Every structure is written in structure tokens, then in C-alpha cells.
Amino acid sequence: MTPQEPIPHWPGELITLDRGHQVYVRSTPEKTGEPALFVHGLAGSSRNWTDLIDLLRPRLACAALDLPGFGDSPPRPDHRYSIAALAQTVEALIEKQADEKQANQVHLIASSLGGAGAVKIAATRPDLIKTLTLISPALPDPRPHLDQVHFAVISLPGVGPRVLRKYDALPPRSRVADVIATCFADPARFPQQRFAAEVAELAQRDTLDHATAALIGTIRTLTADFFRKGRHTAWRDAARITAPTLVIYGSQDRVVDPRQAGRAARAFPNSKIVVLPRTGHLAHMEHPAQVAAEITAMLDATAVKTREFPLTPAG
């Protein structure tokens, strides 16, 4: 039996935010459902969400952005790659789409690095978020692991560019295969038809002047965030989130330790925590049907609560 042909990636366009800041956004043709925005992880793109979006439409009017400096989005005009800057960009897009669709809130769905920014938005702008889904969010982990060591080395001034130049000298095919092997529990689940397209995208990205700066800048901010202490940590932000929250981990994630599920259960007040078996770092790509089922269950539960306890003005 031949494997099913993967669906094409959703069409997209450059959208202008404030002060000439542009982001590339892919979206589904249906605009009737409740708005949902998808935010990818480090070195990812809006293409990461294609299959999950297909399973959630038309209930949700889905849009996925390329973060500044990644995918088809140019860098921010100020060339900032901090978690705060990432959150600022996503927040501006939510507000712009809210004005256009006359919908005050979105279902925010984010992975890895995008999850770190989504936590900040949900904590500081609860008026914008209806539900929050985090897939292997890149939140600080006191347990040392290999990625922290790699990130710390790349963050060193003068060292990071040299390390990345050596890595970039490898053929694009080898680098794409390496990412899939790292982020999937079972690399064979990555569609072969998409592999060639990802290789071509990476080869094209190698020609962009901002590609290395975007990667190093983001890694530096993640490294700083991992070691930040005090009231501005991401885990403190998590405790302030009021929106219904779903946090999904992969039991065989090599990037974000799935043992963080216990801390997430204690930190997020209104949450469900799921650890998917035989799953790596990109659950939404490796097992989109399971992730869609969990999100749908949260949407159903949220809709029931809204009907049972409608919001009314205080007396």
C-alpha cells in the first residue's frame, strides 16, 4: 500500500504590522470558525502546522505565522530576537486580526520557542487569549541537558558564527535529516514527499543574509531565559495564566525534557497536561491526529463551561 500523499502547505501572504514590521502568515480558506493562531519553534516555520490545521478546520479559522527572521518573514526592523520581542510581534498580529475579524480573542497554539512567547502573552494579555495550547514549550529547566550546553557555546561572542558556519557547510539534505532525527521519535513518520521540499527551503535559506543572525540571536535569548531567576521567569508567568491551557509533551522528546510535565501541572492553574507515548519534540507533526483530538476536547469543555456559566456584568 502506497503512503498517502501529504496535503500541500496552506497559502500565505506578507502582512504589515506597526511601523513597517512584516510577517508572513499562512491561513485556511474558511474564515467562519473561531480564530486560532499557530506559532512555531526555533528554526521552524508556518509549514510545521499544515497537517494539524487541516484537522482543526473549519471549526477554527486557522492562521500560522513565520516568526521574524524565519520562514518567509523578514527580520524585525529593530533586529530583536528576545522572547519579549517575539511576544510583541505575535500580540500585534492577534490585535490586527481581531480588528479585521471583529473577534476579541484567539485560540493560541504554540510549539517550543513559540510556546515561551505564548506564555508571556497569555500571562500579560489575558484579554487576547481564549484558550492556550503549548506543545513541548521551551521553558527553563534546572536539569542540565545537551541542548543547554550547545546553546551556551553558540551564545558566546565570536564562537557562535564559527560553529554555525561549520554546521552550515554540511549539505542541506544532511541538516534536514539531522533535525528530523532529533525532533521525531520515529523519523520514518516524516513524509518523504516533504523531505525534498524542506531540503530546497533550507538551501534557499542559506542564501539569506539574516539567517545566521536570526538563529544566533534567538539561541542567545533562550539561553538567557533558561538562567533567569526572580519574578520575571517564564514559570512565574505560567502561574498568572487564566485561560484554559493544554500542555503536551512527547515521552521521547530529546529537546524538552518530558519530566517537565510535573512542574507544568503545578504551575499552570487551569490546565490539562498530556504526555504522548512514542512521541518526540514535534508532536503536532509526528502525531497530528492525537494532538487535534486533545485540542478538540479542550474546545468542547470550554464551550460547555461558557454555556453553563455565561459571563454577566457584575451586579
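How many bridges join strand 5 to strand 6, and in which sense do the two strands run? Strand 5 (residues 106–111) and strand 6 run parallel and are joined by 6 bridges. The model described here is predicted. The protein has 315 residues, of which 50% are buried, and its secondary structure comprises 12 helices and 8 strands.

**Overall features**

- Among the contacts with a separation of 6 or more, 74% are between residues 24 or more positions apart.
- About 15,200 Å² of the protein is exposed, and 57% of this area is supplied by carbon and sulfur atoms.

**The sheet**

- The 8 strands form an open sheet with mixed pairing, in the order 1-2-4-3-5-6-7-8.
- Strand 1 (12–16) and strand 8 are the edge strands, each of which pairs on one side only.
- From one strand to the next, the twist averages 25°.

**Strand 6 and its neighbours**

- Strand 6 covers residues 129–135, and 6 of its 7 residues are buried.
- On the side of strand 5, histidine 107 stands opposite threonine 131 of strand 6.
- Strand 6 also pairs with strand 7 (residues 245–250), in the parallel sense, over 4 bridges.
- Within that pairing, leucine 132 has threonine 245 of strand 7 as its bridge partner, and leucine 134 stands opposite valine 247 of strand 7.

**Helix 3**

- A right-handed β-α-β unit is made by strand 5, helix 3 (residues 113–124) and strand 6.
- Helix 3 lies across strand 3 (34–39) as well as strand 5 and strand 6, and it runs at about 145° to strand 5.

**Helix 10**

- Helix 10 spans residues 260–267, and its buried residues are Gln260, Ala261, Ala264 and Ala267.
- These residues lie on the same side of helix 10 because they cover an arc of only 125° around the axis.
- As a general point, an α-helix has 3.6 residues a turn, so residues three or four places apart point the same way.
- The cover over the buried residues of helix 10 includes helix 9 (234–239), strand 7 and strand 8 (271–276).
- Helix 10 lies across strand 7 and strand 8, and its direction is at about 170° to that of strand 8.

Conventions:
Residues are numbered from 1 along each chain as its sequence is written. This is a predicted model: local features need pLDDT of at least 70, side-chain atom pairs count only at pLDDT 80 or more; totals for chains, interfaces and linings use all residues. Side-chain values use heavy atoms; hydrogens and water are left out. Buried means under 20% relative accessible area, exposed over 50%, partly exposed in between (1.4 Å probe, protein chains only). Contact means heavy atoms within 4.5 Å. Accessible areas come from the Shrake-Rupley method with a 1.4 Å probe; for residues, only the protein chains shown count as cover. Two strands pair if DSSP finds at least two bridges between them. A crossover is right-handed if, with the strands pointing away from the viewer, the path from the first strand over the helix to the second runs clockwise. The arc is that of the directions from the helix axis to the C-beta atoms. Axes are lines fitted to C-alpha atoms, for helices over the stretch in contact, and angles run from 0 to 180 degrees between N-to-C directions.
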